[in-house]
Amino acid sequence: MANNITADELREKFSHAMSAMYQQEVPQYGTLLELVADVNLAVLENSPDLQQQLENADELARLNVERHGAIRVGKAEELATLRRVFAIMGMFPVGYYDLSQAGVPVHSTAFRPIDDAALARNPFRIFTSLLRLELIEDVELRKTAAAILAERDIFTPRCRALLDIYDQQGAFSEPQADEFIQQVLETFRWHRHATVDSQTYQAFHQQHRLIADVVCFRGCHINHLTPRTLDIDRVQALMPEYGIAPKAIIEGPPRRTFSILLRQTSFKALEEPIIFAGVHHGTHTARFGEIEQRGVALTPKGRALYDELLGEAGNGEDNFSHQQHLQQVFSRLPDSETLMRSQGLAYFRYRLTPVGEMHRQSIKPGDDPQPLIERGWLVAQPIVYEDFLPVSAAGIFQSNLGSEGGVRSHGHASRAAFEEALGAPVANEFELYQQASDRSKKRCGLL
Ligand code: OOG
Ligand code: NI
């Protein structure tokens, strides 16, 4: 069919449409975008090297656009249908996150692009959580929740029809693509009208605020979007000046010369007016804005060290002392690209330089990349971490559910149950990074 829209184009349109909708719904999010743009500009002005590097990578134009968003669903069918929706946009389930360890009754995955070209084009991801009804202690309440969820359909009939059309055609024309985006937006739109009366809402809310958020509305409203910042510490510090209340601490690793994984922080969820069935007015607190700064993906060995150090550091009360403490504890993880590479702590992509190309025949599978890098034949580029961190995610959840301390509670990881609900396995993020690294090594003749 002529003029078919690619998955990358659809994802791009989708992330723009979500951003426009969310800025309308949550004006404070628009303010956060302005702050992020201001800080990014200042960083670039002070760092011509970085500016050049981003320009070369074609990153400058879309520096301030969203990198991820998050939603929460209530039942298996919703998750499975989202899998179909996101697949059309080139977003596939990667990773399994068990948040129950941190007292949040959900488990999650991230729908995201997987191949190098798609990630380079637009890495937009949706962190998607499934409520675990079995973790609701009150049996009656659990039954009520299940009954409410059984009745709702978060997708429009036209969205469902378009999914079937896509399955038959294997593609969308441009008008179909635009209609699809419009229909999908309906699922993520905010509804001021709760589907339950205020008593039912309060009962869920008392068990866990998240249950009320997932069960009491017609859709699975987008609960935050997250642009990329070049200086997360600066944005965190400036938020109050822009009239935005930040969460207490920046999640993830400390600031380093050689950035690793993912650092993130958010502003606190707003208290928004809602209307209950039976016309009572009330408020609901779920929606916020977040920022992120990504670094290199760590190997299982590097990640184990990260998890160990993070556990050792614990949680500070205020961001300043927390970051200082993190810096100290993380001194055990070398802050050097070369050391991280030679110790097998992080993933890299390799590329031959023009001189390296000329000496291609003297490069043998199994050669150590380091001498070749020093000789100027080979360049190693850190592979960006494209996924999420369960401890950080729990911190983001908790700060926006009104409890930053975080009660640890029961609940066992249940990847198999999650995959059954999803109707497919989730990809292993480490395997994806390893494959990207291996592909690049093969191209250079190193593998
Ligand atoms: C998701 C929180 C997790 C992140 O960036 O780690 C998340 C949620 O609140 O639904 O988005
Ligand atoms: Ni997030």
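Trainee: How far does a polar side-chain atom of Glu-290 lie from an oxygen atom of ligand 1?
Mentor: Keep in mind that we're looking at a predicted model. Polar contacts are pairs of N or O atoms within 3.5 Å, so that's the cut-off to hold in your head. The side chain of Glu-290 offers a polar atom, ligand 1 offers an oxygen atom, and the gap between them is 3.0 Å.

Trainee: How much of the accessible area of ligand 1 does the protein cover?
Mentor: Start with ligand 1 on its own, where its accessible area is 320 Å². Then put the protein back around ligand 1, and the share that gets covered is 100%.

Trainee: Which residues come nearest to ligand 1?
Mentor: There are 13 residues around ligand 1. Two histidines are worth a look: the side chain of His-68 has an N or O atom 3.0 Å from an oxygen atom of the ligand, and for a polar side-chain atom of His-224 the distance is 2.9 Å. The full list of those that come nearest is His-68, Arg-72, Asn-223, His-224 and Gln-264.

Trainee: What are the protein donors of the nickel ion (ligand 2)?
Mentor: Look for the side-chain atoms that lie 2.0 to 2.1 Å from the nickel ion. Along the sequence, the donor residues follow the spacing H-x155-H-x65-E. Put names to those letters and you get His-68 (NE2), His-224 (NE2) and Glu-290 (OE).

Trainee: How many residues apart are His-68 and Glu-290?
Mentor: His-68 sits in strand E1 (residues 66–73), and Glu-290 is in strand E9 (residues 290–294). The pair links distant parts of the chain, and the separation in sequence is 222 residues.

Trainee: Is His-68 buried or exposed?
Mentor: The cut-off for buried is under 20% relative accessible area. His-68 has a relative accessible area of 1%, and Glu-290 is also at 1%. That value for His-68 is below the cut-off, so the word for His-68 is buried.

Trainee: Which side chain makes a polar contact of 2.7 Å with the side chain of His-68?
Mentor: We're back in strand E1, the place of His-68. This contact is side chain to side chain, at 2.7 Å, and the partner is Glu-292.

Trainee: What is the angle between the planes of Phe-14 and Phe-188?
Mentor: The structure holds 18 aromatic pairs, so let's pick this one out. Its ring centres are 6.0 Å apart, and the pair counts as tilted. Tilted covers angles that are neither under 30 degrees nor over 60, and here the angle is 55°.

Trainee: Why does the pair of Phe-14 and Phe-188 tie together parts that are 174 residues apart in sequence?
Mentor: Check where each ring comes from. Both residues are buried, with 0% relative accessibility for Phe-14 and 0% for Phe-188. The parts tied together are 174 residues apart because Phe-14 lies in helix H1 (residues 7–25), while Phe-188 lies in helix H8 (residues 174–188).

Trainee: Which residues do ring pairs link into a cluster?
Mentor: You've already met two members, Phe-14 and Phe-188. Follow the ring pairs through the whole cluster and you get Phe-14, Phe-86, Phe-111, Phe-124 and Phe-188.

Trainee: How far is the charged end of Arg-375 from the centre of the Trp-377 ring?
Mentor: Here a charge sits over a ring. Another arginine, Arg-341, lies over the face of Phe-348, at 5.3 Å from the ring centre. For Arg-375 over Trp-377, the distance to the centre is 4.7 Å.

Trainee: What is the phi of Leu-261?
Mentor: Most residues other than glycine have a negative phi. Leu-261 isn't a glycine, yet its phi is positive. You'll find Leu-261 in the loop between helix H11 (232–238) and strand E6 (262–266), and it counts as buried at 1% relative accessibility. Its phi is about 50°.

Trainee: Which backbone oxygen lies 3.2 Å from a polar atom of the side chain of Ser-399?
Mentor: Ser-399 is in helix H17 (residues 390–399) and is buried at 6% relative accessible area. Its side chain also joins that of Asn-400 in a polar contact of 3.3 Å. The backbone oxygen at 3.2 Å belongs to Ile-396.

Methods: Residues numbered from 1 in each chain as written. Chains lettered and ligands numbered in written order. Predicted model: local features only at pLDDT ≥ 70, side-chain atom pairs only at ≥ 80, totals over all residues. Heavy atoms only, no water. Phe/Tyr/Trp six-rings, centres within 6.5 Å; stacked < 30°, edge-to-face > 60°. Helix = DSSP H or I, 4+ residues; strand = E, 2+ residues; numbered from the N terminus. Buried < 20%, exposed > 50% of the residue type's maximum accessible area, 1.4 Å probe, protein only. Lys NZ or Arg CZ within 6 Å of the ring centre and 35° of its normal. Donors = N, O, S within 2.8 Å, 3.2 Å for Na, K, Ca; no water. Near = heavy atom within 4 Å. Polar contact = N/O pair within 3.5 Å; in protein donor to acceptor, adjacent residues only side chain to side chain. Areas by Shrake-Rupley, 256 points an atom, 1.4 Å probe, with all protein chains shown as cover.
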